[in-house]
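Colleague: I am new to this structure and would like a close look at one part of it. Please pick a single residue, explain how you judge its surroundings, and then work outwards.

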Amino acid sequence: MKVAFVSLGCDKNLVDSQQMMGYLKGTGDRYTLTDDESEADAAVVNTCAFIDSAKQESIDNILEIARYKKTGHLKALVVTGCMAQRYHDEILKELPEVDAVVGTTAEDSLPAVLDRIFAGEKANEPVLQDVSRAPAADVDRVLTIGSHVGYLKIAEGCDKCCSYCAIPMIRGHYRSVPMEKLVADAKRLVSLGARELILVAQETTLYGTDLYGEKKLPELLRRLCLISGVKWIRVLYCYPEEITMELVQTMKEEKKILPYIDMPVQHASDRILKRMGRRTTRRELEAMVQTLRREIPDICIRTTLISGFPGETEEDHRELLSFVKKMKFDRLGVYTYSREEGTPAAKFDGQVHPGTRERRRRELMLAQQEIAFHAAGEQVGTTLETVIEGRLPGKAPDGRDVYAGRTYRDIPDVDSNIFVATRRDLLSGEFVDVKVTGTDGYDLTGEIDYHESSE
């Protein structure tokens, strides 16, 4: 049976999808994977439910895939992921096209679920496990976004319980994956061709506190650096209050660890930060940014913000805007506040009008655009190590081929690109030194000499 996957939401969800593909791969020749949904006998939609727009995207994808029951070969439609965990009963009731719902900690049951569907059964009950079940880590997963990139999910769940976030309800409390399992998983990814490892979790900086009684991210990073074949290691989702000097020094000293950090701050008004349940102040956030830039001068700092949180006034918004202009983050994304049922913030007074939330988001992004465009211009004339992602259609004006690539400042499918003109034949996953010759908005343009390569 041919099975197609649709993976929505964050890179942590992508890891779950790759693990589910691994479970199917472990059945031998009973199930095979396909990218062609029209040819699939079964489809798995791994959903997101972080904010309202993500839920709508999940529903739209479910309904889109369900059409293949009439126009294609589809016989089984399974919904997994965060929306499946949170709204399992509603999905089975409101979406009759769905044959089974599998929760976030029950994904290893997918082969058996498909077996039952193809045997003629339709699930009347969701397939769920304890939401605090230990995370899977020893699955022979399937890489899907390019074999040179491997995501390593080092923990599951979250204990922070920010007032706006439903993740602790959906994913359970914080559970680290044992270090030896992560090292083994990383070695498997490298054996499949991964050259860049990207560490993810709801929060990476607390890694190990539940298993070992102390923060073990620096030690994990040092052990990953010892793996032969790893070229780049990137760390995402570091909460600012949990970043230690040991972690900063490890990033500074280990050459394989990229000078890149994703550090969500969400706001800069102390009053709003307190209402959000965040554990930092504006002064502490500014101090951490200064520390990172002092210790690692070429570091690229990415962050995220929320506009229009309940109770946010124009004064709070202007404070956040001034913070953005002062900090000059290298990468920044802004979400409008999403009123998530079951969270404390959903019941807060002072709910901000959706139009106001969006207007404030646009103002923040316009300020960041100016910062980003200026920062891109400062890269012109430098030479940056670049990983090639693929050849683009068409040619440069002088007839050279053009490739899309990423520098250390860019994570896949989120940050910017560098477009590389060359007469060389390049392969996806190849690392080359690129001279930056110009900019195209957020992106860079560059070229390489025929013989210039970093390897």
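Modeller: Start with a cut-off: a residue is buried when its relative accessible area is under 20%, exposed when over 50%, and partly exposed in between. Keep in mind that this is a predicted model.

Now take Leu247. It sits in helix H11, which covers residues 245-253. Is Leu247 buried or exposed? Its relative accessibility is 3%, so Leu247 counts as buried.

What does Leu247 touch, once residues up to four places away in sequence are set aside? The partners are Thr205, Leu217, Pro218 and Leu221. Helix H10 runs over residues 217-225. Leu217, Pro218 and Leu221 therefore belong to H10, by the burial-independent test of residue number, while Leu247 itself is buried at 3%. For a separation through space, look at Ala376. It is 129 residues from Leu247 along the chain, and their C-alpha atoms are 28 Å apart.

Follow H10 to its other neighbour. Two packed helices are described by the angle between their axes and the distance between the axes. Helix H8 covers residues 179-191 and packs with H10 at an angle of about 30 degrees. The two axes are 10 Å apart. The crossing of H8 and H10 is right-handed. On the H8 side, the meeting residues are Met179, Leu182, Val183 and Ala186. On the H10 side they are Glu219, Leu220, Arg223 and Leu224. Sorted by class, this contact has 6 nonpolar residues, 2 charged ones and no polar ones.

Next, go back to H11 and look at the loop between E10 and H11. Strand E10 covers residues 232-235. Tyr237 is in this loop. Its phi is positive, about 60 degrees, although Tyr237 is not a glycine. With 18% relative accessibility, Tyr237 counts as buried, because the cut-off is under 20%.

Pro240 is found in the loop between E10 and H11 too. It is buried, with a relative accessible area of 5%. Pro240 touches Met263, Pro264, Val265, Arg278, Thr280, Leu285 and Met288, leaving out residues up to four places away in sequence. Asp262 is 22 residues from Pro240 in sequence, and the two C-alpha atoms are 9.5 Å apart.

Another loop residue is worth a look. Tyr337 lies between strand E13, residues 331-336, and helix H15. At 3% relative accessibility, Tyr337 counts as buried. Its list of contacts includes Tyr164, Ile306, Ser307, Gly308, Phe309 and Pro310. Ala345, Ala346, Gln351 and Arg357 are on that list too. The C-alpha atoms of Tyr337 and Asp36 are separated by 36 Å, with their positions 301 residues apart along the chain.

Helix H15 covers residues 354-378, and Arg360 lies in it. Arg360 is buried, with a relative accessible area of 4%. Its contacts beyond four places in sequence are Ser307, Gly308, Glu312, Thr313, Glu314, His317 and Val352. Ser307 and Gly308 are thus shared: Tyr337 touches them, and Arg360 touches them.

For contrast, turn to two residues that are not buried. Cys161 lies in the loop between strand E7, residues 155-156, and helix H7, residues 167-171. Its phi is near 55 degrees, a positive value in a residue other than glycine. At 48% relative accessibility, Cys161 counts as partly exposed. Ile59 is in helix H2, residues 52-66. Its 28% relative accessibility makes Ile59 partly exposed. Asp210 is 151 residues from Ile59 in sequence and 35 Å away in space, C-alpha to C-alpha.

Finally, step back to the whole chain. It has 15 helices and 18 strands. Of its 455 residues, 57% count as buried. Take the contacts between residues at least 6 apart in sequence: 73% of these join residues at least 24 apart. The C-alpha trace spans about 65 × 60 × 45 Å along its principal axes. A compact globule of 455 residues would have a radius of gyration near 23 Å, and the chain's 23 Å agrees with that. The chain exposes about 19300 Å², and carbon and sulfur atoms supply 49% of this area.

Notes:
Residues numbered from 1 in each chain as written. Predicted model: local features only at pLDDT ≥ 70, side-chain atom pairs only at ≥ 80, totals over all residues. Heavy atoms only, no water. Axes fitted to C-alpha atoms, helices over the stretch in contact; angles between N-to-C directions. Helix = DSSP H or I, 4+ residues; strand = E, 2+ residues; numbered from the N terminus. Left-handed = near helix turned anticlockwise from the far one by under 90°. Contact = heavy atoms within 4.5 Å. Nonpolar A, V, L, I, M, F, W, Y, C, P; charged D, E, K, R; others polar. Rg over C-alpha atoms; globule rule 2.2 N^0.38 Å. Buried < 20%, exposed > 50% of the residue type's maximum accessible area, 1.4 Å probe, protein only. Areas by Shrake-Rupley, 256 points an atom, 1.4 Å probe, with all protein chains shown as cover.
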